[in-house]
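Reader: Could you walk me through this protein at an easy pace? I would like to go from the overall build to the details.

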Amino acid sequence: MFRRSTSMTLRISRDEDDGQRIFRFADPSCDLAGVIVVDSLALGPATGGCRFWPYDDAAAMLCDARRLARGMSYKNAMAGLPLGGGKSVIRRPEGSFDRAALFAAFGRVLDEIGGDYLAAEDVGTTPADMEAVRAQTPFVFGLPADGALAGGDPSPWTALGVFLSIGHICARRGISLSDSRIAVQGLGNVGADLCRRLHEAGARLVVADLHAHATDRLRADIPVDVVAPEAIHAADVDLFAPCALGGGLNRTTIPEIKARLIAGAANNQLGTGADAALLHARGILYVPDFVANAGGIINVAAEYLGHDRHHVVDAVHRIPDRLADVLDRAEAADISPAHVADAMARDLIARAAGAMAGNEGKRPL
């Protein structure tokens, strides 16, 4: 089903599959093409970042958006946020393009959807992009912070949550951060911030990124050992922190991992659900990504709800408590923490959906 927006060239189509609402959009005038997936509205408006990436084709965009949207449902539920799960992905055009016009057009897409999906930053997008979107619609967050209110770039909060999670699982296994050796895969805003925090805590770092300028920039700030991107997962370290794109923990890489602990910022780190069992069988303690990396969405939620930065700090520092609950349950059942976290998130969403359905069924006397 296609409908024409107020723009002469912007087109949006809506579909539904397996309970997910799918919005495909395009505006040839500014090279905009992408997908929004609304996975769940049980806990509140679907909220998740806008990813800007050079996807190969429409199928790759849709696959990524659907997996990321489901992960956001789980992440928001486990973080105790009044938000559902959603995600947007935009194909980064080849060659030169008008970035401001592209994100302004994306803002018009959000405005037409009408608030069921709230966007924020993600891989490839910036606070400046979100400002271009905000000029067209109120349904976007991750804008530059205003005074004491929450807001701005969510990546430092994501890095903080992962750092605290790493500290928790290292302590759980009797490893001091000051004596640890940690491999970090991906040196974007979150990965580089995490490296600086780990360095300050005394950890020795092994790093990799697809872009040499990222490793060069970090190496100019702190001492790190740089390895090839295809070798970082097999580094001889205490902990492996995936902070790049998802799917890196799979049946090919898992047998080569030497680290006994895994905790990182990347979304959808497991190639398939079966890969969690492979890690568990090898005795590798895996922290479910959507538990550890919730700091960014906690900040976005605080911006949406009008909370201040103190609220964000307190909420992010509670991530290790939620992680401890997941790990305790997994240890008691002798199963992967990924399976426990998935089940916990699904239960929270199902209960919220049940309550919502019950309230809709009530009629005043």
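Author: What follows is a short talk about the overall form, the surface and one sheet.

Author: This is a predicted model, in which local features need pLDDT of at least 70 and side-chain atom pairs count only at pLDDT 80 or more, while totals for chains, interfaces and linings use all residues. Residues are numbered from 1 along each chain as its sequence is written, and side-chain values use heavy atoms, with hydrogens and water left out.

Reader: Okay, how many helices and strands does the protein have?

Author: The protein has 12 helices and 13 strands, where helices (H or I, at least four residues) and strands (E, at least two) are DSSP runs numbered from the N terminus.

Reader: And how much of the protein is buried?

Author: Of its 365 residues, 53% count as buried, meaning under 20% relative accessible area with a 1.4 Å probe, protein chains only.

Reader: What does the C-alpha trace span along its principal axes?

Author: The C-alpha trace spans about 60 × 60 × 45 Å.

Reader: Switching topic, in what order do the six strands of the open sheet come?

Author: The order is 10-9-8-11-12-13, with parallel pairing, and two strands pair if DSSP finds at least two bridges between them. Strand 10 (225-226) and strand 13 (285-286) are the edge strands, each pairing on one side only.

Reader: So what joins strand 9 to strand 10?

Author: Strand 9 (residues 204-208) runs parallel to strand 10 and is joined to it by two bridges; Val206 has Asp225 in strand 10 as its bridge partner.

Technical notes. Buried means under 20% relative accessible area, exposed over 50%, partly exposed in between (1.4 Å probe, protein chains only).
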